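Reader: I'm new to this one and would love a close look at a single part. Could you walk me through the sheet and whatever packs on it?

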Amino acid sequence: MINYILLAEQINIISIMAPYAKVFSLFILLAVIIIIVKREKYYKSEYWKITNANYFSIKFDKGKTGEYKTITKIFELPIEKKILVNVYLPKANDISKTTEIDIIVITNRAIYVIENKNYSGKIYGTDTQSYWYYYLGGKKYKVYNPIMQNETHIKALKKIISNEDLIYSIVCFNSNMNIDKINTSSVIVCNENNIKNTIMNIESNLPYKYSNDDIDRIFNVIRPYNEVSDEFKQQHIDNIKKQEPNFR
């Protein structure tokens, strides 16, 4: 026998929920449109051209998201340049281990080795401290000094290119990181939204050093260390997890 009271209550609930269902559907549609637009923009980016990384692998990887933003800014530089991302080099003090350089930029005047950090909050540190500390949401986080980390990268790079090459170390944080309390004179530390001006300021004070052919030559020497398998990358990650931060 039909329970007309229960049926009426269900119909009433449906009628009440109907407007909310429409709003929810519109919200879902808007979210899908935003994803599609961002995805299409990504697949037209220079970052995708040099990495071939899947959009969603970038979207859900904090480090790669930071690299994507920084690389996008660097490609706006109005100068001749070649860029490599995620370069795996044998460590200078132990060739059985590898170290990963986030970004290398080669121009007519210099080579830039960029350690990219996609952190937010406020960070404190100096050239000589082994660890820096940043604060976010009332919590304190400890990270290995990225200047020292990049020193390891540059030593490894000098093993495969000439020691005569002019190499600049840059530590780049995302635009949401307050870097006012970083005290360093040896290395440039900047935010991602200032990376273009940072490089241009350095370039403006340097003489012309490398021809376009030189840029290609240096790029081709480094490129094999960028073209590594997924298995190699995973092995590098596994090795890093086994090591103390100061050995990276």
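Author: **The five-stranded sheet and its helices**

Helix 4 (residues 62-74) lies across strand 1, strand 2, strand 3 (111-117) and strand 7 (167-173), and runs at about 140 degrees to strand 1. Helix 5 (residues 146-158) also packs on the sheet, touching strand 1, strand 2, strand 3 and strand 7, and its direction makes about 140 degrees with that of strand 3. Touching here is contact, meaning heavy atoms within 4.5 Å. For the angles, axes are lines fitted to C-alpha atoms (for helices, over the stretch in contact), and values run from 0 to 180 degrees between N-to-C directions. Helices (H or I, at least four residues) and strands (E, at least two) are DSSP runs, numbered from the N terminus.

A quick word on where this comes from: this is a predicted model, where local features need pLDDT of at least 70 and side-chain atom pairs count only at pLDDT 80 or more, while totals for chains, interfaces and linings use all residues. Residues are numbered from 1 along each chain as its sequence is written, and side-chain values use heavy atoms, with hydrogens and water left out.

Now the sheet itself. It's an open one of five strands, in the order 1-2-3-7-9, with mixed pairing; two strands pair if DSSP finds at least two bridges between them. At the edges sit strand 1 (81-91) and strand 9 (188-191), each pairing on one side only. On average, neighbouring strands of this sheet are turned by 35 degrees against each other, direction ignored.

Zoom in on strand 1 and you'll find it joined to strand 2 (residues 94-107) by 10 bridges, the two running antiparallel. One spot to look for: L84 stands opposite I104 in strand 2.

There are cysteines to check as well. A disulfide is a covalent bond between the sulfur atoms of two cysteines. The cut-off used here is a pair of cysteine sulfur atoms within 2.5 Å, and the structure holds zero disulfides. Take C172: its closest cysteine sulfur is in C190, 4.2 Å away, so that is too far for a bond. C172 is buried, with a relative accessible area of 0%, and C190 counts as buried too, at 5%. (Buried means under 20% relative accessible area, exposed over 50%, partly exposed in between, with a 1.4 Å probe and protein chains only.)

For context, there's another open sheet, with four strands in the order 6-5-4-8 and mixed pairing. Its edge strands are strand 6 (139-144) and strand 8 (177-183).
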